[in-house]
Amino acid sequence: MATSEGGVVADPEYIQQNSMPEDDPNKNEQPPSVEGNLKRWGPQHAGAKELANLYSGGKRLQEILSVGLCFPLLAVTFWFLCYHFQWDNSLAIFLSAVAGIVAADFFSGLVHWGADTWGSIDVPVVGKNFLRPFREHHIDPTAITRHDFIETNGDNCLLTVVVSAYQVYNFVTLSPLEIHNTYMRQCFIFFLAFFVMLTNQIHKWSHTYFGLPRWVTFLQDCHLILPRRHHRIHHVSPHETYYCITTGWLNYPLELVNFWCRLEEAITAVTGAKPRADDMIWAKKSD
């Protein structure tokens, strides 16, 4: 019998039949589809190969710069937070951390949903540089496990650079009293930025079925970060649910209120745009 999570079919057999078998050690290849010899998923899918070839040197440079700037800025921000730390704020700092993690989970879902659902590869600048990985990921979900640290985390680091640079600017220019009055907000922003930076690495781990460190699988099993089985629900075509990929904590409540579906209906009513139209085009590509 199928189980349900937030109105989503979560039966393991259904998921296995309708998503790529990522725990297959043999290159994660999917057998031919019922329509013929077309690959339904995997690195040999025609669309996956074409999308992988669109990864450019310019994109690589942007990712290198983003990663190179991200970690020093986070370290400087953390130093300022430690410097202004006061023990009587400990509980508030903990609550700020939890709020930052939850906010990161929500924003991961919002960005994931937006990139999965709208736009196309043909959109100037944004298409090939930022939407392309989302299109590739649905037809070759384990491609992310073959990406190095730079390619996996470059775009998330870019977002973190913007936020962390703003925080460093605040710490340098604000008076000690102003920093004291805004300290909890700065803690929240730091944890939000930090977990946004981690999100795609956590996402990569949710697709990695071999060789993960024990501490990672422990965090997944405790659902402190996105678990593998939980994320498999998103990869049932047409990929219209369970978008939050930092911890996945918000997936169930958002599905319970049909958040993404209602948002799509509103956008379609206003613009006439069809959700996931470009995603489906790439999924149907053939040689």
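**Notebook: surface patch and backbone geometry**

I looked first for nonpolar surface and found a patch of about 400 Å² made by Leu 91, Phe 94, Leu 95 and Val 98. The model I examined is predicted.

**Entry on Val 98.** I took Val 98, one of the patch residues, and located it in helix 4, which spans residues 90–117. Its relative accessibility is 34%. I recorded Val 98 as partly exposed because this value falls between the 20% and 50% limits.

**Entry on the cis bond.** I then looked up the peptide bond from Ser 237 to Pro 238 and noted that it is cis, with omega near 15 degrees. I placed Pro 238 in the loop between helix 10 (228–232) and helix 11 (251–256).

**Entry on positive phi, Val 125.** I checked phi at Val 125 and noted a positive value of about 65 degrees, although this residue is not a glycine. Val 125 is found in the loop between helix 4 and helix 5, the latter covering 126–139. I entered Val 125 as exposed because its relative accessible area is 62%, and exposed means over 50%.

**Entry on positive phi, Asn 258.** I also looked up Asn 258, a residue other than glycine, and recorded a positive phi near 55 degrees. Asn 258 lies in the loop between helix 11 and helix 12 (259–271). With a relative accessible area of 38%, I listed Asn 258 as partly exposed.

Definitions and conventions
Residues are numbered from 1 along each chain as its sequence is written. This is a predicted model: local features need pLDDT of at least 70, side-chain atom pairs count only at pLDDT 80 or more; totals for chains, interfaces and linings use all residues. Side-chain values use heavy atoms; hydrogens and water are left out. Patches are made of residues with over 30% relative accessible area and no salt bridge: like charges are joined within 9 Å, nonpolar side chains (Val, Leu, Ile, Met, Phe, Trp, Tyr) within 5 Å. Accessible areas come from the Shrake-Rupley method with a 1.4 Å probe; for residues, only the protein chains shown count as cover. A salt bridge is a side-chain nitrogen of Lys or Arg within 4 Å of a carboxyl oxygen of Asp or Glu. Helices (H or I, at least four residues) and strands (E, at least two) are DSSP runs, numbered from the N terminus. Buried means under 20% relative accessible area, exposed over 50%, partly exposed in between (1.4 Å probe, protein chains only).
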